[in-house]
Structure formats: structure tokens, C-alpha cells
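Student: Could you take me through one part of this structure closely, and explain your terms as you go? I am new to it and would like to see how that part sits within the whole.

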Amino acid sequence: MPDRYDFSSIEPKWQQIWRARELFRTTESTDREKFYYLDMYPYPSGELHMGHVRNYIIGDVVARYMHMRGYNVMHPMGWDAFGLPAENAAIERQIHPAQWTEDCVGRMKDQFDRLGISYDWSREVNASAPDYYKWTQWLFLQLYHNGLAYRGEAAVNWCPSCQTVLANEELEGDLCERCGTPVERRQVAEQWYFAITKYAQRLLDDIEMLDDWPERVRVMQENWIGRSEGVQFKLPVDGRSDPIEVFTTRIDTIYGITFMALAPEHPLVNELTAGTEYEEPVQAFVREALAEGELARGSEEVEKRGIFTGAYCTHPLTGEKIPIWVTNYVLMEYGTGAIMAVPAHDQRDLEFARKYDIPVKVVIQPPGEELDATTMTEAWVEAGVQVNCDQFSGMDSAAAQEAIADYLEEQGIGRRAVNWRLRDWLLSRQRYWGCPIPIIYCEACGEVPVPEQDLPVLLPTDAEFEPTGESPLAQVDEFINTTCPRCGGPAQRETDTMTTFVDSSWYFLRYTSADAPDVPFRREAVDYWLPVDKYVGGIEHAVRHLLYARFITKVLHDLGHIGFSEPFAELFTQGMIYKDGAKMSKSKGNVVTPDEINARYGADTGRVFILFVGPPDQDAEWSDRGVEGAHRFLNRVWRLVAGNRDKFDPNWAEHLDTELDEAQRAIRRKVHQTIQSVSGDIEEMGLNTTVSALMELVNELLPFAEQTSAGEAVSCAVLSEGLQNLLLLLSPLAPHIADELWERLALPGTTYEQPWPAADEQIAAEEQITIAVQVNGKLRGTIQVPAGTDMERCQELAVQVESVQRHIAGKEIKRVIPVPNKLINIVVG
């Protein structure tokens with residue numbers, strides 16, 4: 001009997017061996033094709049749980065497999081260490097964010113190591129370390145010097161709990177994605193932005209290059225970028241020199257305008273009502289509307305509400321006076337934040353007009369119908385014939401679109417324009433734990449960038465970092481007070497910090513040169529490793545991190561720092577782990593930690609379970625019984641290999657050049673079929689079926705091993721081939737047990753250092769195949785024939801099957817439809 005599968009001693013043993021031998025350390029090599037595998041780096045704000053672990057285990061399987069395939073694999077890891085998660089956790093525990101981050105990094109790194117993940121820790125990066133954020137500041141300056149970083153005023157998303165502004169991409173509906181608090185819209189002092197909208201068209205066009213990204217993510221990015229073609233024009237406002245600017249995709253309905261609708265946060269709202277009897281009620285409405293949240297306001301179901309400003313503008317074509325309203329359903333994020341309201345041809349406008357007794361004017365009639373503006377309850381939004389449109393009346397509405405646009409351009413009233421849903425990237429944060437923005441303000445010189453030789457601008461360690469709504473750095477005199485690098489006079493530093501999304505927009509580049517002190521990355525290293533070959537992370541990053549990383553990559557490409565314009569060749573988004581019907585998370589109280597699994601079952605059991613639980617791109621439910629099943633499987637592997645060491649022959653190939661009996665051929669066939677299926681499944685990320693295939697192989701090897709005596713050279717050779725290949729195939733999934741059993745078979749090195757097994761297609765081919773026999777499309781029987789049998793012979797055998805004969809007796813066979821190697825359909829009448 002073999003000794004017990006003692007994972008508690010096996011796993012630390014092999015982790016120490018791998019570490020001592022630096023098995024996973026990678027350098028550039030011209031001898032092997034490169035493969036850059038990257039997991040999205042985590043926030044070090046706590047401990048890993050098994051929901052997190054799924055992502056990293058998936059990655060480890062692929063990285064190990066590709067290494068064994070002969071690729072030069074880079075598989076790094078680092079820490080998205082700045083930002084609100086770490087700062088909020090530190091505040092809760094009343095310790096400094098730097099100490100909390102350091103503690104969490106150490107703890108999570110230990111958890112990764114105990115899982116046996118093949119990270120090259122020599123490339124570790126930490127976004128909160130000065131030797132990293134020095135280069136984040138350098139990146140900011142690259143954009144600043146090239147007109148892509150600027151300060152601007154705008155209404156912003158404000159989280160009253162986190163006490164900071166948030167970019168649109170950091171919202172989940174109308175909630176802060178960090179803490180779940182409803183977000184407010186506020187007009188905040190000047191903030192720093194990256195001009196991502198200057199790259200909107202390229203970001204949209206280059207989605208076509210992302211062939212190996214999930215279609216769902218591609219669509220999400222397309223929708224978020226949101227390109228609309230239309231016309232932009234101005235309407236003069238009574239008593240004011242500045243007009244209202246409007247963008248519309250339906251210029252054919254311009255003659256149907258009966259009111260103007262402004263977003264509550266539109267800057268013109270205050271200007272139109274200041275000092276008038278409308279000021280107080282309008283401001284009260286604005287506060288109510290903003291409290292509703294943008295997601296609710298933008299939904300079709302929201303009750304349409306508004307208030308008249310007391311102001312009017314003039315229709316640019318008819319000269320009519322048009323009342324200006326503030327409404328809850330117009331969003332500042334779309335177009336100019338002002339819309340021409342055409343109730344007859346927009347359902348939201350119609351509902352609003354009926355509620356507030358505003359006129360409705362039909363300007364497009366459906367073919368063969370006549371809409372009644374006084375009674376209609378549904379807006380006509382389709383094509384039709386123009387009416388009440390001066391010289392454009394009688395035209396088809398599609399033709400009128402072009403004709404009216406031409407006329408507006410000729411008269412200097414408007415112009416064709418493209419509108420984007422995408423807004424410039426707001427990066428200012430009024431929090432402590434982030435990368436300082438390298439800008440200095442001087443009364444004499446104005447806004448002055450910090451010279452590159454003075455980087456990094458260090459984050460002070462003595463700031464009071466409790467959130468107050470103002471940047472904590474503004475209270476640190478030693479930080480804020482400085483000298484102007486241009487004139488030498490007194491100056492002050494920028495006190496906002498950058499969102500952590502800036503840190504993560506380029507970290508994949510730093511991995512290539514993590515030890516470089518004088519450059520953010522070495523060009524030769526980036527040219528060798530990038531783009532990332534396979535990038536794995538959650539779908540929640542589709543329009544945040546992934547969009548920002550694409551933008552920064554294009555900027556660096558245009559500035560000549562890198563030679564590629566898309567950072568990630570292939571993207572894989574893993575599903576989430578649920579427990580008790582809810583996503584596994586600390587806040588839900590349904591967390592299972594890898595420490596618990598390691599202690600009770602071993603890391604390899606946790607790895608196998610998390611792979612077997614379901615297709616890796618789909619959500620899956622945690623199962624304690626499933627974990628136990630994975631552990632039983634590994635115990636069977638242990639018994640199979642350790643219990644048959646006396647039958648193992650390392651020179652097994654020498655004994656297989658002979659005639660084999662049916663049982664021996666069946667085992668070899670199963671071994672080579674398993675090599676085929678496991679290889680294909682890993683390539684296609686079907687890792688759950690990889691485990692299934694190995695389970696099936698073990699099921700066939702166990703009885704064969706029991707029937708094989710140590711002195712039977714050929715059967716021992718067949719068994720040995722199976723055992724050796726089983727361990728190689730198992731190695732990426734459960735590396736500790738694979739290496740331990742490999743050693744016990746007295747094989748050299750580790751499984752990680754061996755070439756991936758190659759399947760022999762001839763050996764893997766079935767000797768007998770099953771052909772289904774149908775009569776008029778219904779299954780009536782089957783036949784077993786040698787593989788490669790001619791289909792005419794199969795037809796002869798098919799009509800001899802007793803169950804088939806009962807359905808064709810006395811009937812005319814009109815034709816026979818063969819599907820080679822699968823079925824024969826006999827059509828009778």
C-alpha cells in the first residue's frame with residue numbers, strides 16, 4: 001500500500017524548491033517565442049478569498065502549460081496599491097495606509113505562494129512605491145506637455161461617503177462602485193482631466209483590431225464611446241449675447257420644436273434665473289432632480305418633470321419664441337446638455353408636453369396617415385413626409401435630413417457634427433492615498449509642471465487622511481509650500497491626487513523593466529514582450545481600466561515611446577464565484593478563504609475544484625461537496641501512481657514497438673486522446689473539461705494497473721506511459737502533487753521543466769466507431785464498424801439491423817443520406 005497523500009508536507013516542500021531554483025524567473029530570449037500572460041493586478045486591501053483565486057488559478061494553468069509548450073513565458077504580479085480601497089480600510093483600522101498596504105501585500109503574496117502560482121516575483125510592482133509612482137507622474141507630464149492634460153470646471157460625480165469626485169466609469173448606476181453610496185452631482189472647483197475624447201475615434205475604430213476580445217466587451221466599449229452623427233446649431237436667447245447650443249441626430253424635426261429643455265446642471269440655468277422670481281424655485285427643482293441620480297433620470301420610465309425658467313430663445317428658422325425649461329430627463333452627459341424638444345416626434349418630450357400643457361407640432365406625417373397633434377399619445381419617431389416645414393415640406397424625411405443640414409450650414413446657423421458619449425477622463429481625487437499630481441502654482445508664472453529631474457513628488461507620510469471633502473495634502477505645509485522651478489519664487493503644489501486608474505493604465509509596461517531606475521520601461525524589453533498575449537480579469541473593467549489602458553497605450557505610441565497601439569492582444573473575462581446565492585464577498589459574509597482550503601484539503605485540491613466548478617467564463621456556485629470530490633480525485637491519483645511505482649519503467653517506449661492486445665491498445669488510445677483533449681481544452685480555456693478528461697483517464701488506468709503484474713514488461717510499459725503523461729497533464733492544474741509523484745517515479749527535474757506531451761493521432765484514433773441509423777429522420781438503431789469503413793458497406797450493414805428492418809419492411813427505400821462516420825438516414829415512402 002502507498003503511503004498517505006500528505007499535502008501538508010508535500011506543498012511547502014515543492015514551493016521551497018521552486019523558489020530556491022527560481023523556476024519562474026524569466027528574461028528576454030531569442031531562442032523561444034515569447035508569451036506574456038497577465039492577470040489584472042489586485043487591490044491589496046485585505047485577504048484573498050476563493051472568488052478572487054479563480055482568476056489567478058486560471059492564469060497559472062495557462063502560464064505553466066505555455067511554458068511546457070516551449071514558450072518563454074512572462075507571468076508577473078504586482079499591486080494596485082493606491083486608491084480608496086486601501087485608504088478606507090486603513091481609516092477603519094486607524095493605521096496608516098502605507099502600513100496597511102504593506103501588511104496586505106505581504107499577506108496576499110504569501111497566499112499566492114501557498115497556492116503554488118508561478119509568478120516571477122523579480123518583476124513585482126507596487127503602485128504606491130516611489131520608484132513606481134515617479135513614472136506615473138512622468139506619464140502625467142507626457143500628456144500635459146502634449147495638450148492632453150488640463151484643468152477644467154464641470155459638474156462632477158461626488159461621493160459623500162468617500163468624500164471625493166468620481167469619473168463616470170467609477171459608478172455602478174448612480175452608486176459609488178467603491179462603497180455603494182448614492183452619488184451626487186456637484187459643481188466643484190477646477191479638476192484635472194486627460195483629454196481622452198481626442199482619441200475617441202481611434203478608440204472606436206481600433207476595436208476592429210480586438211478580434212480575440214469577448215464580443216460583449218467590444219460592444220460595451222463601443223456603446224460607452226458612443227459616436228452619434230448629427231447637426232449642432234445655436235438658438236439666440238432673449239436678452240443675452242450667448243446663445244444655446246444644441247446637438248441633434250434628428251434635424252428633420254427642427255420645425256417641430258415647441259420648447260427647449262436644459263439639464264439641471266447646465267451652466268445656463270443659473271445665468272437665466274439669477275436675480276429673477278424664478279431663481280429660488282428653479283434652484284429647488286435642480287437640487288431635487290440631481291438627487292434622483294443620472295441612471296434614474298435617463299430611464300424611459302422616469303416621471304418627466306420640469307420647471308420654466310422664465311426665459312425664451314428664438315427658433316433659428318421660423319423666428320418663433322420658444323420657452324426654456326429645466327427638465328429632469330435631460331442629461332449633461334449627452335450632447336451639449338440642452339435639447340430641442342419636439343413632442344410630436346420624441347416620446348419623452350410628448351409626455352412632458354402633455355403634463356405641462358405645451359403645444360405639440362407635427363412636422364413628419366407617416367405615409368398614408370395623418371397625425372392629430374391635439375390627440376396623439378405616441379410620438380411618431382419613424383421616417384415619413386415633411387409637413388409644416390417651409391420649403392422642405394413634401395420631402396421624404398431622410399432627404400430632408402440632408403437638405404436641412406445643408407441649409408443650416410449655408411446660412412451659418414449650424415454645422416454637421418459628431419457627438420460622443422465619452423467624456424474626458426476626470427482624474428483628480430480629493431483623497432490622500434494616491435499619486436501626487438506633479439504641478440506647481442506660482443503667482444508670477446502660473447501653472448508650472450514639475451521638471452522630470454525633480455520626480456518623484458513624494459507623498460508625505462504625516463498627513464491627516466480622514467476624508468473631509470478637501471485634499472488632506474492641502475493641510476501639510478511642508479508639502480504644499482515649495483519653490484517655483486521657473487522663477488525661484490514662492491509657490492504651492494497641487495494637492496489633489498490621481499485616481500488609481502492612472503496607475504493601472506500602464507503597469508503592464510513596467511513589468512518588462514521593473515528594476516529600471518532611470519526609465520519607466522526599457523524600449524527593447526517592451527518591444528520584446530508587448531502586446532500582452534493573454535489578459536485575464538473581470539468584466540467589470542470593460543469600460544474603465546481597459547478603456548484607459550488603450551488610451552494611454554495610443555498616447556505613448558504617438559509620442560514614440562512604444563511601437564504598438566493596442567496593449568492586449570487577447571482578453572478573457574472570468575466568471576464570478578457565488579456562495580449561498582450571492583457573489584462571494586466579505587461584506588456578504590459568505591467568504592471561503594484559500595487558507596481554509598489549504599489547511600483542510602491542500603492547495604492542489606482548491607485549484608482543481610475552482611477549475612472543475614464550471615466553464616471559467618461563466619459564474620459558478622461554490623460547493624463544499626465539490627471540494628471534497630476534487631480531494632477524492634487527487635487521492636485516487638496518489639494511489640494510482642504511488643501504489644504502482646514498482647511497475648513503472650522509465651524506458652517504457654522501448655517496449656511498445658510490439659503487437660499489443662486489445663486492453664493495452666485501449667489504454668494507449670485513451671492516454672493519447674486525453675493528451676489531445678487536455679491540450680485543446682487549455683488552448684480554448686475549457687478548463688473544467690480538462691479536469692473531466694483527467695478523471696476519465698484515471699478511471700481507466702486504475703483497473704488496468706490492478707490487472708498488471710510487475711513482471712509484465714509490455715503492460716508495465718503501457719501503464720508507465722499512462723502514468724508519466726498523466727502527471728505531465730496534471731502539472732499545470734495541481735503542480736505540487738504532480739512534482740511529488742514525478743520525483744517518486746525517479747524522473748529528473750520537475751514536471752514544469754518537461755516538454756508538454758504530444759499526442760500520436762494514429763494511436764488516439766478509435767478502432768471501432770458507432771454509426772447511428774435513422775429511418776425518416778428518427779433513430780432506429782446503431783452499428784459498430786471499424787474506423788474508416790466505406791459508407792456503402794455501412795449502408796449494407798444498416799439495413800440488416802433488426803430494429804431498422806421493422807420500419808422499412810414493405811416500404812420503398814427512396815434514398816439513403818449518409819453522414820460519414822456519424823449516421824445513415826434511410827428515407828422510405
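Tutor: What follows looks at one open sheet, after a few words on the whole protein and before a short look at two other elements.

The model is a predicted one, in which local features need pLDDT of at least 70 and side-chain atom pairs count only at pLDDT 80 or more, while totals for chains, interfaces and linings use all residues. Residues are numbered from 1 along each chain as its sequence is written, and side-chain values use heavy atoms, with hydrogens and water left out.

The protein has 27 helices and 35 strands; these are DSSP runs numbered from the N terminus, helices being H or I over at least four residues and strands E over at least two. Its C-alpha trace spans about 105 × 85 × 50 Å along the principal axes. Of the 829 residues, 57% are buried, a word that stands for under 20% relative accessible area, with exposed meaning over 50% and partly exposed lying in between (1.4 Å probe, protein chains only).

Now to the sheet itself, which is open and has four strands in the order 2-1-27-28, with parallel pairing. Strand 2 (72–74) and strand 28 (571–573) form its edges, since each of them pairs on one side only; two strands are said to pair if DSSP finds at least two bridges between them. On average, and with direction ignored, neighbouring strands of this sheet are turned by 20 degrees against each other, where the axes are lines fitted to C-alpha atoms and angles in general run from 0 to 180 degrees between N-to-C directions. At one end of the order, strand 27 (residues 534–537) is joined to strand 28 by three bridges in the parallel sense, and Val536 has Phe572 in strand 28 as its bridge partner.

For an example with the other direction of pairing, turn to strand 10 (residues 227–235) and strand 11, which run antiparallel and are joined by five bridges. Here Lys234 stands opposite Glu245 in strand 11. Strand 11 (residues 244–248) is mostly covered, with four of its five residues buried.

A helix can be read in the same manner. Helix 19 (residues 603–612) is also mostly covered, as nine of its ten residues are buried, among them Ala603, Asp604, Arg607, Phe609 and Leu611.
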